[in-house]
Amino acid sequence: MLFRSYRGTGFDITERKQAQLVRDHTNAVLELLAKGKELDEVLAAIVTMVENVAPGAVGSILLVSPDGARLRLGVAPHLPPAFAAAVDGLLIGPDAGSCGTAAHLGTQVICDDIENDPLWHGMRALAAEHGVRASWSRPVLAGDGSLLGSLGMHFRERRQPDDAGLKLLEHSANIAALAIERRRSEEEIRALNANLEQRVRERTAELEASNRQLESFSYSVAHDLRAPLRAMDGFSKALIEEFSGRMDGDGLDYLKRIRSSSQRMAELIDALLALSREIGRAHV
């Protein structure tokens, strides 16, 4: 039995205390998530829950590598350092101890006697050297079923789980999955926001450059257009002032129309330049 029960008149005091302890630890983990704490700190709190609720257990959480082929050490604060270092980079597959096999099969793996368990034949000497005699593991799975890692409970004596132990193993793996998925989602959102901000900066710079080019082009075109218009207006004015006595009424009327049209064209150019500046400011 993982837990010792003290039964009284119709209720189990120890189970009630254990359930409350699980709730308290779970709330603490969720609070860390809500506060935006680093993933390592959140996972360490989950391991603390495992170790506090299951006396004698030493918890670990391994995370799947980017290529999906190995398990990398996440948190295992109380595993022997040499043992933890040895399982860092554990190849996922059959006969890969409890954690590697659980990750491979996608289901929990209970090794209550490592000395006689075939899943540990390649790591039995390592476990014996560091006093690990039993190991229960459960894969940490995302909502879509993809592998996130593996959670382990390790013991220094042979240990067979009861229902409470299995529930704790399942609950802890589910909370770990929630934490990992949430942090990854937040990282993806931050990356998307950073990319969006960079794209906005680049687009703003492009628009500013385009506006500067447009303004420069507009002024250049306006200057080139104004020169002949000024000439038309000036010469038509001179003709009216100096040669009006030699022209009939139709000739004077034509000159006045030429001058009026050139002035109107100049006004349109000014209006287009003003509109160009307004459009440029609106897009910055």
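User: Leaving aside neighbours within four places in sequence, which residues is L43 in contact with?

Analyst: This is a predicted model, numbered from 1 along each chain as its sequence is written, in which local features need pLDDT of at least 70, side-chain atom pairs count only at pLDDT 80 or more, and totals for chains, interfaces and linings use all residues. Side-chain values use heavy atoms, with hydrogens and water left out. Taking contact as heavy atoms within 4.5 Å, and setting those sequence neighbours aside, the partners of L43 are I61, L63, V75, A176 and I180.

User: Which element gives the largest share of the largest nonpolar core?

Analyst: A nonpolar core joins buried Ala, Val, Leu, Ile, Met, Phe, Trp, Tyr and Cys residues through side-chain atoms within 4.5 Å, buried being under 20% relative accessible area (1.4 Å probe, protein chains only). The largest has 34 residues, and L43, I61 and I180 are among those with the most contacts inside it. Elements giving it two or more residues include strand 1 (58-64) and helix 6 (163-243), helices and strands being DSSP runs of H or I (at least four residues) and E (at least two). The largest share, nine residues, comes from helix 2.

User: How many residues has the other core, apart from this one?

Analyst: V58, A84, V109 and M123 are among its members. Lying apart from the largest core, this other core has 23 residues.

User: What radius of gyration has the protein chain?

Analyst: The radius is taken over C-alpha atoms, and the globule rule is 2.2 Å times the number of residues to the power 0.38. The C-alpha trace spans about 130 × 50 × 25 Å along its principal axes. Whereas a compact globule of 284 residues would have a radius near 19 Å, the protein chain has 39 Å.

Methods: Buried means under 20% relative accessible area, exposed over 50%, partly exposed in between (1.4 Å probe, protein chains only).
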